[in-house]
Amino acid sequence: LSASNATANFASSLSSSNSSSTSSPLYTTWLPFFAIAWAVGGSLSQNMFLGIHEISHNTAFRKPFYNDLLAISLNFPIAIPFAMVFKTYHQEHHRYLGWEGVDTDLPEHLEAYLLRSFPGKVFFLML
């Protein structure tokens with residue numbers, strides 16, 4: 001991930017939120033507004049989360065401080081401050097990869113059981 005890609009995604013998120021006015025002729029009812037907001041906003045949020053994930057590996061800049069600043073700035077449109085907590089948690093995940101009871105990215109037994117079927121996977125994708 002490059003810093004310019006992350007910055008472009010951030011700018012896209014801000015411009016799309018600014019242009020989503022209900023006074024536009026496209027939004028004569030609320031249904032198209034919510035459908036577009038769900039698709040565009042969800043895609044941009046997911047892209048920013050993936051950017052924060054990559055930046056947590058300190059891949060955008062040589063100095064970790066600048067990576068942290070970029071991750072925090074990408075976190076602004078998401079509105080839930082998680083970038084720095086995620087970085088700590090994610091580094092721990094890589095340190096203890098696959099250790100039962102320590103790696104928190106391993107699914108619990110109930111989670112693995114419920115999400116192993118096709119309907120469970122579709123449900124998980126729609127969350």
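This passage describes the fold, confidence and selected local features of a predicted model of one protein chain.

The protein chain contains six helices and zero strands, and its elements follow the pattern α-α-α-α-α-α along the sequence. Of the 127 residues in the chain, 20% are buried. Among contacts between residues at least 6 apart in sequence, 48% join residues at least 24 apart. The mean pLDDT of the chain is 83, and 85% of the residues reach 70 or more. Confidence is not uniform along the chain: helix H1 (residues 3–19) has the lowest value, with a mean of 68, whereas helix H3 has the highest, at 93. Where pLDDT is low, the predicted coordinates should not be read in detail.

Helix H2 spans residues 30–55 and comprises 26 residues. The distance from the first C-alpha of H2 to the last is 36 Å, which is close to the 38 Å expected at 1.5 Å a residue. The buried residues of H2 are Phe33, Leu44, Met48, Gly51, Ile52, His53 and Ile55.

The loop between H2 and H3 includes Ser56 and Asn58. Ser56 has a relative accessible area of 5% and is therefore buried, the cut-off being under 20%. Leaving aside neighbours within four places in sequence, Ser56 is in contact with Phe86, Lys87, His90 and Gln91. These four partners of Ser56 fall within the range of helix H4, residues 83–95. Asn58, by contrast, is partly exposed, with a relative accessibility of 28%. The phi angle of Asn58 is near 55°, a positive value in a residue other than glycine. Most residues other than glycine have a negative phi.

A positive phi is also found at Ala79, a residue other than glycine, where the angle is near 75°. Ala79 is located in the loop between H3 and H4. The relative accessible area of Ala79 is 63%, so this residue counts as exposed.

Two packed helices are described by the angle between their axes and the distance between the axes. For helix H3 (residues 64–75) and helix H4 (residues 83–95), the angle is about 125° and the axes are 9 Å apart. H3 is therefore oblique to H4, because the angle lies neither between 65 and 115 degrees, as for a roughly perpendicular pair, nor over 145, as for a roughly antiparallel pair. On the H3 side, the contact is made by Pro64, Asp68, Ala71, Ile72 and Asn75. H4 contributes Ala83, Met84 and Lys87. By class, the residues of this contact divide into five nonpolar, one polar and two charged.

Within this contact, Ile72 belongs to helix H3. Leaving aside neighbours within four places in sequence, Ile72 is in contact with Ala83 and Met84. Ile72 and Met84 are separated by 12 residues in sequence, and their C-alpha atoms lie 7.5 Å apart in space. Ile72 has a relative accessibility of 35% and so counts as partly exposed. Lys87, one of the H4 residues in the contact with H3, is also among the contacts of Ser56 in the loop between H2 and H3.

Technical notes:
Residues numbered from 1 in each chain as written. Predicted model: local features only at pLDDT ≥ 70, side-chain atom pairs only at ≥ 80, totals over all residues. Heavy atoms only, no water. Axes fitted to C-alpha atoms, helices over the stretch in contact; angles between N-to-C directions. Helix = DSSP H or I, 4+ residues; strand = E, 2+ residues; numbered from the N terminus. Parallel < 35°, antiparallel > 145°, perpendicular 65-115°, else oblique. Contact = heavy atoms within 4.5 Å. Nonpolar A, V, L, I, M, F, W, Y, C, P; charged D, E, K, R; others polar. Expected span 1.5 Å × (residues − 1). Buried < 20%, exposed > 50% of the residue type's maximum accessible area, 1.4 Å probe, protein only. pLDDT = per-residue confidence, 0-100.
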